[in-house]
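Student: I'd like to go through this one and check what earns each label. Can we start with the charged pairs?

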Amino acid sequence: MNQQVKILLEVIESTRSMTKFYLKKLSSVDPLGDLEIGDKKLHGINWTVCHLMWAENFLLIESTGKEGMNFP
């Protein structure tokens, strides 16, 4: 297996593992609502997961020279 492919796989597996870990910690939070920490309002869980999906797509597909998903 190509060294670059091994590195990409390792990064994605590590990222997904961390994402699952933190999402489990938010299991009691409404995924459709926004998060509030102190006086700061943050994007909700669903928005954050969609953003992570976009970022993984960009890393894996577009970094290999292929065309990724075209989001509006």
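Tutor: Sure. Keep in mind that this is a predicted model. Searching the whole structure turns up two salt bridges.

Student: What makes Arg 16 and Glu 56 a salt bridge?

Tutor: Set the distance against the cut-off. The closest N and O atoms of Arg 16 and Glu 56 are 2.8 Å apart, and the pairing needs a Lys or Arg side-chain nitrogen within 4 Å of an Asp or Glu carboxyl oxygen. So the pair qualifies as a salt bridge.

Student: And which parts does that pair tie together?

Tutor: Arg 16 sits in helix α1 (residues 3-25) and Glu 56 in helix α2 (residues 45-60), so the salt bridge links parts that are 40 residues apart in sequence.

Student: Is Glu 56 buried or exposed, and how do you know?

Tutor: Glu 56 has 16% relative accessibility, and buried means under 20%, so Glu 56 counts as buried. Its partner Arg 16 comes out at 41%; that falls between 20% and 50%, so Arg 16 is called partly exposed.

Student: Why is the pair of Asp 34 and Lys 41 called a salt bridge?

Tutor: Same test again: N to O is 3.9 Å for Asp 34 and Lys 41, and the limit is 4 Å, so this pair passes.

Student: What do the accessible areas say about Asp 34 and Lys 41?

Tutor: Lys 41 has 59%, and exposed means over 50%, so Lys 41 is exposed. Asp 34 has 47%, so the label there is partly exposed.

Student: Moving to the nonpolar surface patch, which residues make it?

Tutor: Met 1, Val 5 and Leu 9 make it, with an area of about 300 Å². Patch residues need over 30% relative accessible area. Met 1 has 68% and is exposed, while Val 5 has 37% and is partly exposed, so both clear that bar.

Student: Where do Met 1 and Val 5 sit?

Tutor: Met 1 is in the segment before α1, and Val 5 is in helix α1. Leaving out residues up to four places away in sequence, Met 1 touches Lys 6 and Leu 9.

Student: How do you know that the reach of α1 is close to the expected one?

Tutor: α1 has 23 residues and reaches 34 Å from first C-alpha to last, against the 33 Å expected at 1.5 Å a residue.

Student: What reaches the backbone nitrogen of Gln 4 at the start of α1?

Tutor: A side-chain oxygen of Asn 2 does, coming within 2.7 Å. A polar contact needs N or O atoms within 3.5 Å, so the distance fits.

Notes. Residues are numbered from 1 along each chain as its sequence is written. This is a predicted model: local features need pLDDT of at least 70, side-chain atom pairs count only at pLDDT 80 or more; totals for chains, interfaces and linings use all residues. Side-chain values use heavy atoms; hydrogens and water are left out. Helices (H or I, at least four residues) and strands (E, at least two) are DSSP runs, numbered from the N terminus. Buried means under 20% relative accessible area, exposed over 50%, partly exposed in between (1.4 Å probe, protein chains only). Patches are made of residues with over 30% relative accessible area and no salt bridge: like charges are joined within 9 Å, nonpolar side chains (Val, Leu, Ile, Met, Phe, Trp, Tyr) within 5 Å. Accessible areas come from the Shrake-Rupley method with a 1.4 Å probe; for residues, only the protein chains shown count as cover. Contact means heavy atoms within 4.5 Å. The expected span of a helix is 1.5 Å times one less than its number of residues. A polar contact is a pair of N or O atoms within 3.5 Å; within protein, one must be able to donate a hydrogen and the other to accept it, and residues adjacent in sequence count only if both atoms are side-chain atoms.
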